[in-house]
Amino acid sequence: MAVDTPGAELARVQAAVRMPTDPAFAPLAAAVRTGGRDVTDQMIQALLDAGHTEDDIFECIVAAAVGAGVERVRSVEQLLGTK
Amino acid sequence: MRLKIVESGHRFRQKAMLALFPLLSGARPPDFSRILMYRPELFGKPFGKYAQSVLRSQSKYWSIGERELFGGYISAKNDCDYCRDLHCRMAARALGRSDVDDLISRAFTLRPEVTAVFDFLDRLEQDPSSLTPADLEQMRALGLKDEAILEATHAAAVLSVANRVVNALGARVATPAQRERISSLLLKRGYDL
C-alpha cells in the first residue's frame, strides 16, 4: 500500500491501537502520556503480578503514546481552523 | 527493555528480518526496530507509514534535514537520548553539517523559520491545550503558511509518540558507531517497514 497524506496515516495509526479498558492501566497510561520517563520497572511488575500480560502492557504503552501525538496534532489543527 | 515479548517474542517473519539487519547495516537491530516489529499490525506498520509520510515525502516548506531536526528537538525536550541522537545525526547528514551534538543549539545558523518553529513546538510539546492564536504570529510574520506549520507539527508528533514508547519500554541507546550506521540506513531507506 502506498504512503498517504500525514493526516490519513495518523488516522490509521490511531485506528490500529487499542487501550486496555481495565482501570489498573490508568497510572501507566498517564506516565506514558507525560513523556514516558516516569514509567518504572515496579509499575510494570505490579501489572504483571495482578495477572495482566506483557501484550496488555504493550498495547497500553503504544495507545497512550499515540494518544499524546494525536492530541498535539488536533490542537494545532483547531488553532489553524483546519478541523 | 522492560518487556521480554518486545525483546524476543517476535513472529517468524519479523525474527528473520531482525536477523538480517546486521548484514544490511553492520549493526545489531536497534531496540526501536524490535518495538516496531513486535505485532507490527498494531503499531509498527501504520506508524512506519505515518513517519514515512511526514519525514520523507516531498514538502514545499521543509527539507528532510529540517524535519529530522524538528524530531531531534522534540526528542531533546522529552529527554529521549535515543531518538535525539539518531534524528540529529540524520538531520546533520541531510543538511551537510558536522556539528551533530550542537545542531539544536546552533539551529539559528539555519533559516529563521526553523527556530521560530522550535519555539512553537516547545510549547506544543509541553502543553498543547495552552496554545493560543498568538503562538502562530511569530511563524506567520516570517511568511510561514498554515500548511507548513501543520507539517512541522506532524514531524514533532512522530517523535512525541516514538519518545514516549522508547522511554516507557526502556529502549537501550546503541553505541556511537552503531548509531552512525543506523542513521545512515534510515536516511537512505526511510521508515516504511
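What pattern does chain B follow, read along the sequence? The answer is α-α-α-α-α-α-α-α-α-α. Chain B has 10 helices and 0 strands. Its radius of gyration is 17 Å, close to the 16 Å that the globule rule gives for 193 residues, so chain B is as compact as a globular protein of that length. Along the principal axes, the C-alpha atoms of chain B fill a box of roughly 55 × 35 × 30 Å. Of the 193 residues in chain B, 45% are buried. Contacts reach far along the sequence. Among those in chain B with a separation of 6 or more, 69% link residues 24 or more positions apart.

This is a predicted model. Its scores are ipTM 0.96 and pTM 0.95. For chain B the average pLDDT is 93, and 100% of the residues score at least 70.

Turn to chain A. Here the secondary structure comes to 4 helices and 0 strands. From the N terminus on, the elements run α-α-α-α. The radius of gyration of chain A is 15 Å, well over the 12 Å that the globule rule gives for 83 residues, so chain A is more spread out than a compact globule. Its C-alpha trace spans about 45 × 30 × 20 Å along the principal axes. Buried residues account for 36% of the 83 residues in chain A. Of the contacts in chain A between residues at least 6 apart in sequence, 65% join residues at least 24 apart.

Now bring the two chains together. How many residues does the contact take from each chain? Chain B gives 41 residues and chain A gives 38 residues. On the side of chain B that touches chain A, helix 1 (4–8), helix 4 (44–55) and helix 9 (146–169) of chain B each supply at least two residues. Helix 9 of chain B provides the largest share of that side, 15 residues. By class, the side of chain B that touches chain A holds 23 nonpolar, 10 polar and 8 charged residues.

One of the charged residues of helix 9 of chain B is worth a look. Asp146(B) lies in that helix. Asp146(B) touches Leu80(A) and Thr82(A), leaving aside residues up to four places away in sequence. Is Asp146(B) buried or exposed? Neither label fits: Asp146(B) has 16 C-beta neighbours inside 10 Å, so it counts as partly exposed. Its C-alpha atom is separated by 22 Å from that of Phe108(B), which is 38 residues apart from it along the chain.

Next, the interior. In soluble globular proteins, nonpolar side chains tend to be buried together. The largest nonpolar core here has 76 residues. Which of them touch the most other members? They are Ile61(A), Val158(B) and Val165(B). Val158(B) touches Tyr50(B), Ala51(B), Val54(B), Leu55(B) and Gly71(B), not counting residues up to four places away in sequence.

Among those partners, Tyr50(B), Ala51(B), Val54(B) and Leu55(B) are buried residues of helix 4 of chain B. That helix has 12 residues and reaches 16 Å from its first C-alpha to its last, close to the 16 Å expected at 1.5 Å a residue. Helix 4 of chain B is mostly covered, with 11 of its 12 residues buried. The buried set also includes Gly44(B), Pro46(B), Phe47(B) and Lys49(B). What do the buried residues of helix 4 of chain B pack against? Their partners are helix 1 (6–16) of chain A together with helix 3, helix 5 and helix 9 of chain B.

Two loops of chain B deserve a stop. Arg39(B) lies in the loop between helix 3 (31–37) and helix 4 of chain B. Arg39(B) has a positive phi of about 45°, although it is not a glycine. With 21 C-beta neighbours inside 10 Å, Arg39(B) counts as buried. Asp79(B) sits in the loop between helix 5 (64–77) and helix 6 (81–95) of chain B. Its phi is also positive, near 55°, in a residue other than glycine. Asp79(B) has 12 other C-beta atoms within 10 Å, so it is exposed.

End at helix 7 (residues 112–126) of chain B, where Gln126(B) lies. Gln126(B) is exposed, with 10 other C-beta atoms within 10 Å. The C-alpha atoms of Gln126(B) and Ile182(B) are separated by 29 Å, and the two are 56 residues apart along the chain.

Methods
Residues are numbered from 1 along each chain as its sequence is written. Chains are lettered from A and ligands numbered from 1 in the order in which they are written. This is a predicted model: local features need pLDDT of at least 70, side-chain atom pairs count only at pLDDT 80 or more; totals for chains, interfaces and linings use all residues. Two residues are in contact if their C-beta atoms, placed from the backbone, lie within 7 Å. Ala, Val, Leu, Ile, Met, Phe, Trp, Tyr, Cys and Pro count as nonpolar, Asp, Glu, Lys and Arg as charged, and the others, Gly among them, as polar. A nonpolar core is a set of buried Ala, Val, Leu, Ile, Met, Phe, Trp, Tyr and Cys residues joined through C-beta atoms within 7 Å. A residue is buried if 20 or more other C-beta atoms lie within 10 Å of its own, exposed if 12 or fewer, and partly exposed in between; C-beta atoms are placed from the backbone. The radius of gyration is taken over C-alpha atoms; the globule rule is 2.2 Å times the number of residues to the power 0.38. pLDDT is the predictor's confidence in each residue, from 0 to 100. The expected span of a helix is 1.5 Å times one less than its number of residues.
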